[in-house]
Amino acid sequence: MKLDIEGAENELLPTLQPALPNIDYLFVEYHSLQEQPQQLGQLLLMLSNAGFRYHIREAARLAPHPMVEKLTIRRLFDMQLNIWCYRP
């Protein structure tokens with residue numbers, strides 16, 4: 001299953017939680033909306049609880065120096081990650 005829904009994955013994935021045991025491979029493009037609380041921790045916990053292992057890579061280099069640029073750059077997303085999930 002592939003999810004790339006531009007930030008809505010944080011809303012959709014919890015509703016899919018009962019179906020996750022039926023999925024062997026899952027790809028999620030995670031988007032952190034700059035003006036909202038980050039939900040990466042909850043997402044990764046849900047995937048772990050569903051029995052997935054995951055591998056994470058940066059999908060887009062939105063802030064090469066986030067400690068410096070966080071005050072000056074305004075974007076819809078402040079982080080974008082590719083998360084590959086599989087069952088061991």
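1. A small detail to start with: right after α2, G51 has a positive phi of about 95 degrees. Keep in mind as you look around that this is a predicted model. G51 turns up again below, among the contacts of Y86.

2. Now α2 itself, which spans 40–49. Which of its residues are buried? They are L40, L43, L44, M46 and L47. Seen around the axis, these residues take up an arc of only 160 degrees, so they sit on the same side of α2. Turn the helix over and, on the face away from the buried side, you'll find Q42, L45 and N49, which are exposed.

3. What does that buried side pack against? The partners are α1, β2, β3 (53–58) and β4. If you're finding your way around, α1 covers 9–16, β2 covers 25–33 and β4 covers 77–86.

4. That leads to the largest nonpolar core, a set of 17 residues. Within this core, L26, L43, L47, F52 and I83 have the most contacts. At least two core residues come from each of α1, β2, α2 and β4. Which element gives the most? It's α2, with 5 residues.

5. I83 is worth clicking on. Neighbours within four places in sequence aside, I83 touches L40, L43, L44 and L47, and those four are among the buried residues of α2. The contact list of I83 also includes L26, F27, V28 and Y30, along with Y54, H55 and I56.

6. On to α1, where the buried residues are E9, N10, L13 and L16. Looking down the axis of α1, you'd see them fall within an arc of 125 degrees, so they line one face of the helix. E11 and T15 are exposed, on the face turned away from that buried side. So which kinds of residue make up the buried set here? Glutamate and asparagine are in it as well as leucine, as E9, N10, L13 and L16 show.

7. Last stop: Y86, in strand β4. Is Y86 buried or partly exposed? Its relative accessible area is 35%, so Y86 counts as partly exposed. Beyond its neighbours within four places in sequence, Y86 is in contact with D24, Y25, G51, F52 and R53. F52 is one of the residues with the most contacts inside the core, and G51 is the residue with the positive phi. Also have a look at Y86 and F27: they're 59 residues apart in sequence, and their C-alpha atoms are 8.8 Å apart in space.

Notes
Residues numbered from 1 in each chain as written. Predicted model: local features only at pLDDT ≥ 70, side-chain atom pairs only at ≥ 80, totals over all residues. Heavy atoms only, no water. Core = buried A, V, L, I, M, F, W, Y, C linked by side-chain atoms within 4.5 Å. Buried < 20%, exposed > 50% of the residue type's maximum accessible area, 1.4 Å probe, protein only. Contact = heavy atoms within 4.5 Å. Arc of directions from axis to C-beta.
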